[in-house]
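Thanks for making time for this one. I would like to walk through a single two-chain model, going from the interface to the core.

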Amino acid sequence: MRLLQIASFIALSTASFGATTEAVMANLDQSSGKFQTLTANLTHLT
Amino acid sequence: MIDDKSTEVGQIALKKAGTRDLQVLINFTKPDARVVAFRGRKAEIMYPKLKTVQEIDLGKRTELVDQFLLVGFGTSGQELQSNYSVTYGGEETIAGQKAHKLLLTPRREKLQAMELWIADAGGYPVQQKYVQPSGDYHLFTYQDVKVNPQLGEEAFKMVVPKGYKREFPQK
C-alpha cells in the first residue's frame, strides 16, 4: 500500500513537473517573439 | 577544481535583432573596471587600469557564441528544446523574484550543460549557470531587468579614451 502511495506521488510529481516545464516553455515562446532589448544589473560569480 | 571564487558586478545592455544578430555591452564596475562589447563574432574588452583594449575573434569559438545566442534572452522554448533536453528543477527565488529552474543537457557535443532560471513573470532568464567539465562554473544573475527599453546605438558602443593601446591576443 505504502509503495503504491509512493509510486502515485512520483507519478503525480513527474506529471506536475512536466506540465510546469511546458508552461515555462510556452512563456518563453510568448516572450521571445517580442524581445528586442534589455538592460539589467549583472553579477558574475566564478 | 580550483577553489578560487570571485564576484564582479556591473550593468548589461543587450539587443537582439535576429537569431544571429546580438549586440551586448557589459560594464563591470567592481572590483575592477572592465568593459566588454560583443557583436557577431567579435568581442572587445577594455581594461581602464591598463589603458588597453583587447580584440578577440570569436569565430574560432563559435560553439560558445552559439550557446550564448541560443540560451540567452529572446530564446523560444522551441529553440531551447531543439538544442537541449530540458528538465524542470523546481521553483526558486532569485534576486527577490519567483523563478523556475531548468536543467539543460545539450543534444549537441559542442554545447555545455547549464542551468537556467526563468522569471515567472516575464519569461526571461534571471540567472544562468554554466558548469565546466572540471566543475568550475560561471553564474550570471540579472537584477532590475528592463525588457525592451528604448536604446540607441550609443548604448552598445565602447568609448575608448585617447592613448589606449589595442592588443590582438590571438595573433
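How many bridges join E1(A) to strand E10 of chain B, and do the two run parallel or antiparallel? There are seven bridges between E1(A) and E10(B), the latter covering residues 137-147 of chain B, and the two strands run antiparallel. As one example of the register, Leu38(A) has Val147(B) as its bridge partner in E10(B). Please keep in mind throughout that this is a predicted model.

Let me set that pairing within the interface as a whole, where 25 residues of chain A are in contact with 42 residues of chain B. On the chain A side, helix H1, residues 2-34, and strand E1, residues 37-45, each supply at least two of the touching residues, and the largest share, 13 residues, comes from H1(A). Sorted by class, that side of chain A has ten nonpolar, 13 polar and two charged residues.

Turning to chain B, its secondary structure consists of two helices and eleven strands, and along the sequence these follow the pattern β-β-β-β-β-α-α-β-β-β-β-β-β. Of the 171 residues in chain B, 20% are buried. If we take the contacts in chain B with a separation of 6 or more, 35% of them are between residues 24 or more positions apart.

Which residues have the most contacts inside the largest nonpolar core? They are Leu102(B), Leu116(B) and Ile118(B), in a core of 28 residues. The elements giving two or more residues to this core come from both chains: H1 and E1 of chain A, together with strands E1 (7-18), E3 (34-39), E6 (84-94), E7 (97-106) and E8 (114-119) of chain B. Among these, E8(B) gives the most, with four residues. As for Leu102(B), once its neighbours within four places in sequence are left aside, this residue is in contact with Val24(A), Val86(B), Tyr88(B), Gly89(B), Leu116(B) and Ile118(B). As general background, nonpolar side chains in soluble globular proteins tend to be buried together.

I will finish with Ile26(B), which sits in strand E2 of chain B, residues 21-30. Ile26(B) counts as partly exposed because it has 19 C-beta neighbours inside 10 Å, whereas a buried residue would need 20 or more. Not counting residues up to four places away in sequence, Ile26(B) touches Leu42(A), Gly10(B), Ile12(B) and Val36(B). The C-alpha atoms of Ile26(B) and Phe38(B), which are twelve residues apart along the chain, are separated by 8.6 Å.

Note on methods
Residues are numbered from 1 along each chain as its sequence is written. Chains are lettered from A and ligands numbered from 1 in the order in which they are written. This is a predicted model: local features need pLDDT of at least 70, side-chain atom pairs count only at pLDDT 80 or more; totals for chains, interfaces and linings use all residues. Two residues are in contact if their C-beta atoms, placed from the backbone, lie within 7 Å. Ala, Val, Leu, Ile, Met, Phe, Trp, Tyr, Cys and Pro count as nonpolar, Asp, Glu, Lys and Arg as charged, and the others, Gly among them, as polar. Two strands pair if DSSP finds at least two bridges between them. A residue is buried if 20 or more other C-beta atoms lie within 10 Å of its own, exposed if 12 or fewer, and partly exposed in between; C-beta atoms are placed from the backbone. A nonpolar core is a set of buried Ala, Val, Leu, Ile, Met, Phe, Trp, Tyr and Cys residues joined through C-beta atoms within 7 Å.
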